[in-house]
Amino acid sequence: MSVTPPTAERAPVSRLRSARVTLPHVVRSEWTKLRTLRSTRWTLLISVIAMAGLGPLVAAVQMSRWNQLRPHERLTYDSVTTAVGGWHLAQLAIGVLGVLVITGEYSTGMIRSSLMAVPRRLPVLWAKLIVFAAVTFALMLASSLIAFFAVQAIVAQHHVQHGLGDPGALRTVVGAALYQTVLGLMCIGLGGILRNTAGGIAAFVALLFVLPGISAILPSSVNDSISPYLPLNAGTTVATHSFGGSNHLATWTGFALFCGYAAVAITLAAVTIMRRDA
Amino acid sequence: MIEVDSVTKRFGDKVALQDLTFTVRPGIVTGFLGPNGAGKSTTMRVILGLDRPNEGRATINGRSYRDLPAPLTEVGALLEARAIHTGRSAYNHLLSMAQTHGIGRERVREVIELVGLSEVARKRAGGFSLGMGQRLGVAAALLGDPSTVILDEPANGLDPEGILWIRTMLRGLAAEGRTVFLSSHLMAEMAQTADHLVIIGRGRLIADTTVADLVTQASHDAAVIVRSPQADELRDALAADGVAIASPERGVLEVQGMTSAQVGEAAARHGIVLHELIAGQASLEQAFMRLTGGDVEFHASIFGGPEPGREPAA
């Protein structure tokens, strides 16, 4: 004869028995985290305005001064390059946001909540990368297309417009979005390695914008041989319609190298996140 | 059930936890006591997979925290250090945590209601008072309706109303049959809530006992105070193995290792006059301080005399 033990002695089992940590669940969580911070929304808005607006603004100024341009400048005017030029400014916002996506969690302590919910840790990093890549690519592609069509409409008055079907035009427009997406992912990696906002942003600026400056003060033979491999120069091949010189990597080779740099940063971040105490 | 098995944790040269072993049994409130800096938070962080031990391991229901398929439904934790993005609202913070487990918005609203944050749930957590922050932390801990709850110094810095709220909540959790593991550096606070006590100092286990046993032991060890005009003769009469006698002033003895009855009878046998005989009494607080006195990391010596169990004022 069996006796039912008193129920009060039994430790309760969670009523939420169907709950499971899965990558799709973590992706949803990271999407919520990204969209619910005011700083994120502002930074993304700035990047969209820069990417969509800078090209048309420059084009409008150039068209109004068209007669003052030298004949050579008019002959080589590239409305595709002008159109996607917004990446020069937008990349700064994207890079900073990439760093903040991780370091913002470390500086506030949120990372402890994140890692307690997902103790295997790496799904948090993968989910951040997936969400950030999707959001950045969608926004930058849309902005890049807006800039492209706006600029072509502006420059039509002097008949220097391009169609999206012209050689390299579509690739450049999509490339501007691709470059910035991978840049953002690399910055998530930098943030994960350094876990400190100031350090992460310093590393991003140093790798992208300081290295070319240092390279430029080296003997020109040295500069010529390393310059094409620097992150900025390699990464932006895909967002460039017509190159100023010949010292650059082929479009997709350069971009592939840039993806390699990003992969190295992300791998180091993954190792760091797994090894370090939170 | 939480099992901490031979855990050693070093931060550089500093040993935070030294071969620490204890078990938190299910369905009761276990108090985790130790002076500041004893390693309580580190132990909890090791249990929760936030810190990786150099040796040993901690398991929850037989598994490492890291291997739990839905950790929030098994263990809920409120850490002492803040763990909330200041720019996010309470609702969105909880929602983002719930979503990692596929837990719905209904449960998020439920825990917000439970801790009484409904009115401020849409406000940025950065503007929360300490008490509201603790409530949000408790809401996060209860999100997965876990059978085990770990709380690190939940009453620290709270006003009396907040402390009362935390206590009521803890009793409620225990009454529901949940395992509660609760840290504090205040013995008095523990005596009111805990059934079992795990006491550590400098990262080592000092005692693994019940509140009742600790009181008995403390009273037994407390000194008997005796006043006599023949103090020197009495001292000789009482001298025996295991008896420690001190004389804080002329004509007064503090006797450790004997009961007041034994002291009185010994005096009578030797015909010694006693003016006063006070039985040893020790509060839990004293018992705790005596246990941890030698293991406090920082003594308040610069402020004149050691004050065991306290950190110097920062």
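Biologist: How many residue pairs in polar contact does the rule find across the interface of chain B and chain A?

Modeller: The model is a predicted one. Across that interface the rule finds 17 residue pairs in polar contact, with both residues at pLDDT 80 or more.

Biologist: Which elements of chain B supply at least two residues each to the side that touches chain A?

Modeller: Strand E1 (2-11), helix H2 (71-74), helix H3 (90-99) and helix H4 (105-114) of chain B each do so. The largest share of that side, six residues, comes from H3(B).

Biologist: And how do the residues on that side of chain B divide into nonpolar, polar and charged?

Modeller: The side of chain B that touches chain A has 17 nonpolar, 15 polar and 15 charged residues.

Biologist: How many residues does the contact take from each chain?

Modeller: Chain B gives 47 residues and chain A gives 39 residues. About 3,700 Å² is buried between the two chains, and carbon and sulfur atoms give 53% of that area.

Biologist: How many salt bridges are found across the interface?

Modeller: The rule finds two salt bridges between chain B and chain A. A salt bridge joins A:Asp277 and B:Lys9, whose closest N and O atoms are 2.7 Å apart.

Biologist: Where do A:Asp277 and B:Lys9 sit?

Modeller: This pair crosses between chains: A:Asp277 is in the segment after helix H12 (251-275) of chain A, and B:Lys9 is in strand E1 of chain B.

Biologist: Is B:Lys9 buried or exposed?

Modeller: B:Lys9 counts as buried because its relative accessible area is 5%, and buried means under 20%. A:Asp277, by contrast, is partly exposed, with a relative accessible area of 22%.

Biologist: Let us stay with the contact between chains. What is B:Thr100 in contact with, leaving aside its neighbours within four places in sequence?

Modeller: On chain A, B:Thr100 is in contact with A:Arg20, A:Val21, A:Thr22, A:His25, A:Val26, A:Ser29, A:Ala117 and A:Val118. On chain B, the contact is with B:Leu72. B:Thr100 lies in the loop between H3 and H4 of chain B.

Biologist: Why does B:Thr100 count as buried?

Modeller: The relative accessibility of B:Thr100 is 4%, so this residue counts as buried. A polar atom of the side chain of B:Thr100 also lies 2.6 Å from the backbone oxygen of B:Met97.

Biologist: What else touches B:Met97?

Modeller: B:Ala140 touches B:Met97 and also B:Leu94, not counting residues up to four places away in sequence. B:Ala140 is in helix H5 (residues 130-142) of chain B, and this alanine is buried at a relative accessible area of 12%.

Biologist: Changing topic: how many salt bridges are there over all chains?

Modeller: A search of the whole structure finds 15. In one of them, A:Glu105 and A:Lys33 meet through their side chains at 2.9 Å, N to O.

Biologist: Which parts of the chain does that pair link?

Modeller: The pair links distant parts: A:Glu105 is in helix H5 (residues 87-108) of chain A and A:Lys33 is in helix H1 (residues 23-35) of chain A, 72 residues apart. Both residues are buried. A:Glu105 and A:Lys33 are also linked with A:Glu30 and A:Lys128 in a network of salt bridges.

Biologist: What does B:Arg178 form with B:Glu176?

Modeller: B:Arg178 and B:Glu176 form a salt bridge, with the closest N and O atoms 2.8 Å apart. B:Arg178 counts as buried at 10% relative accessibility, whereas B:Glu176 counts as partly exposed at 44%.

Biologist: On to the nonpolar core. Which residues touch the most other members of the largest one?

Modeller: They are B:Leu48, B:Ile150, B:Phe181 and B:Leu197, in a core of 140 residues. Apart from that core lies another, of 13 residues, among them B:Leu234, B:Val243, B:Leu253 and B:Val263. In soluble globular proteins, nonpolar side chains tend to be buried together.

Biologist: And what does B:Ile150 touch?

Modeller: Not counting residues up to four places away in sequence, B:Ile150 touches several residues, including B:Ile2, B:Met44, B:Ile47, B:Leu48, B:Val75 and B:Phe181.

Biologist: Last one: how many residues apart along the chain are B:Ala188 and B:Glu285?

Modeller: They are 97 residues apart along the chain, and their C-alpha atoms are separated by 6.3 Å. B:Ala188 is in helix H7 (residues 187-193) of chain B and counts as partly exposed at 46% relative accessibility.

Methods:
Residues are numbered from 1 along each chain as its sequence is written. Chains are lettered from A and ligands numbered from 1 in the order in which they are written. This is a predicted model: local features need pLDDT of at least 70, side-chain atom pairs count only at pLDDT 80 or more; totals for chains, interfaces and linings use all residues. Side-chain values use heavy atoms; hydrogens and water are left out. A nonpolar core is a set of buried Ala, Val, Leu, Ile, Met, Phe, Trp, Tyr and Cys residues joined through side-chain atoms within 4.5 Å. Buried means under 20% relative accessible area, exposed over 50%, partly exposed in between (1.4 Å probe, protein chains only). Contact means heavy atoms within 4.5 Å. Buried area is the accessible area (1.4 Å probe) that two parts lose on being put together, summed over both. A salt bridge is a side-chain nitrogen of Lys or Arg within 4 Å of a carboxyl oxygen of Asp or Glu. A polar contact is a pair of N or O atoms within 3.5 Å; within protein, one must be able to donate a hydrogen and the other to accept it, and residues adjacent in sequence count only if both atoms are side-chain atoms. Helices (H or I, at least four residues) and strands (E, at least two) are DSSP runs, numbered from the N terminus. Ala, Val, Leu, Ile, Met, Phe, Trp, Tyr, Cys and Pro count as nonpolar, Asp, Glu, Lys and Arg as charged, and the others, Gly among them, as polar.
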